[in-house]
Each structure stands twice: as structure tokens, then as C-alpha cells.
Amino acid sequence: MQKGSPILHGEMDALENAGRLKGEVYKGATMYTTLSPCHMCTGACLMYGIKRVVMGENETFIGGEDLLRSKGVEVINIKSGQCKRMMDKFIKKAPKEWFEDIGEVEDDNEGEKEADIPEDLDSEGSEAEN
Ligand SMILES: [Zn+2]
């Protein structure tokens, strides 16, 4: 998964796969994500001046959306049920990897109630944002 890298999230992978590009290319670019971009990926989008971020959903997790907006990035949430179901399936199948990806500590007691995990993260993410 992610070539064994803790930082190779979809956004980072997309930037890497795009290769080295001139700055102006990023300025007109749109980043498409399954989920609200985490703070690391938000930082990468800001660093390269990505113009627009289109996310599948942000019910599972809220990353740096407010920061992106505050820096003038257009943020669009298509609120896709398909993306939400995909994330639910992934978290249920690989909770350890999910918590690694978002840099959070998995509460062993919460492991039995996986449906509650995303909402807990949402509120923590919002507090961290402010
Ligand atoms: Zn990320």
C-alpha cells in the first residue's frame, strides 16, 4: 500500500506522477481527491498553487479545506455517496492503515465501532483547524 510510504497519499502520488513541471502548469491545475485533503496534501496543493480542489466527500474526514479556501483555492465537494462508501469499506478493511495515513492513534475500543470513527475524526479535525 502506497509503496510502503507514509506520505504517498493520492494527492502526493498525483503530483509525483505528473513529474517535474513548470510553476505555471500547477497554477491552472485541478486536484481531484476521493476525500477532503489532509493537512500534508493541503500543504502540497498550496505550495504548488493548485487552483482548484474537487473532493469526493468530507463526511469521513475533514482536512485543510478552510486553509485552502483562505488562500484562494476553489474547493468543491461533490458529496459523492460512492466515495463515502469506498472510504467506509477501506476503513473497515484496513483500520490500522487508515489511522497511519491520517496520523491518528487508533483507540482499540473504537475498533469495534468503526462506524463511529469517521465522525470522531471530523470533530477533532475541525478543532485542530481552528
Ligand atoms: Zn493526504
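**Notebook: strands, crossovers and contacts**

I began with the contacts: in the protein chain, 48% of those with a separation of 6 or more are between residues 24 or more positions apart. I note that the model I am reading is predicted.

Next I looked up burial. Of the 130 residues in the protein chain, 27% are buried.

I then listed the secondary structure. I find 7 helices and 3 strands in the protein chain. Along the sequence I read their order as α-α-β-α-β-α-β-α-α-α.

I turned to strand pairing. Strand β1, residues 30–35, runs parallel to strand β2, residues 52–57, and 5 bridges join β1 to β2. Which residue of β2 is the bridge partner of Thr33? I looked it up and found Met55.

I followed β2 to its other pairing. Strand β3, residues 74–77, pairs with β2 in the parallel sense, and I count 4 bridges there. Met55 turns up again here, standing opposite Asn77 in β3. I therefore record Met55 twice, as the partner of Thr33 and as the residue opposite Asn77, with a pair defined by at least two bridges between strands.

I traced the connections last. From β2 the chain crosses to β3 through helix α4, residues 65–70, and I have this β-α-β crossover down as right-handed. For β1 and β2, the helix of the unit is α3, residues 39–48, and this β-α-β unit is right-handed.

I add one general remark on strands: side chains in a regular strand alternate between the two faces of the sheet.

Notes:
Residues are numbered from 1 along each chain as its sequence is written. This is a predicted model: local features need pLDDT of at least 70, side-chain atom pairs count only at pLDDT 80 or more; totals for chains, interfaces and linings use all residues. Helices (H or I, at least four residues) and strands (E, at least two) are DSSP runs, numbered from the N terminus. A crossover is right-handed if, with the strands pointing away from the viewer, the path from the first strand over the helix to the second runs clockwise. A residue is buried if 20 or more other C-beta atoms lie within 10 Å of its own, exposed if 12 or fewer, and partly exposed in between; C-beta atoms are placed from the backbone. Two residues are in contact if their C-beta atoms, placed from the backbone, lie within 7 Å.
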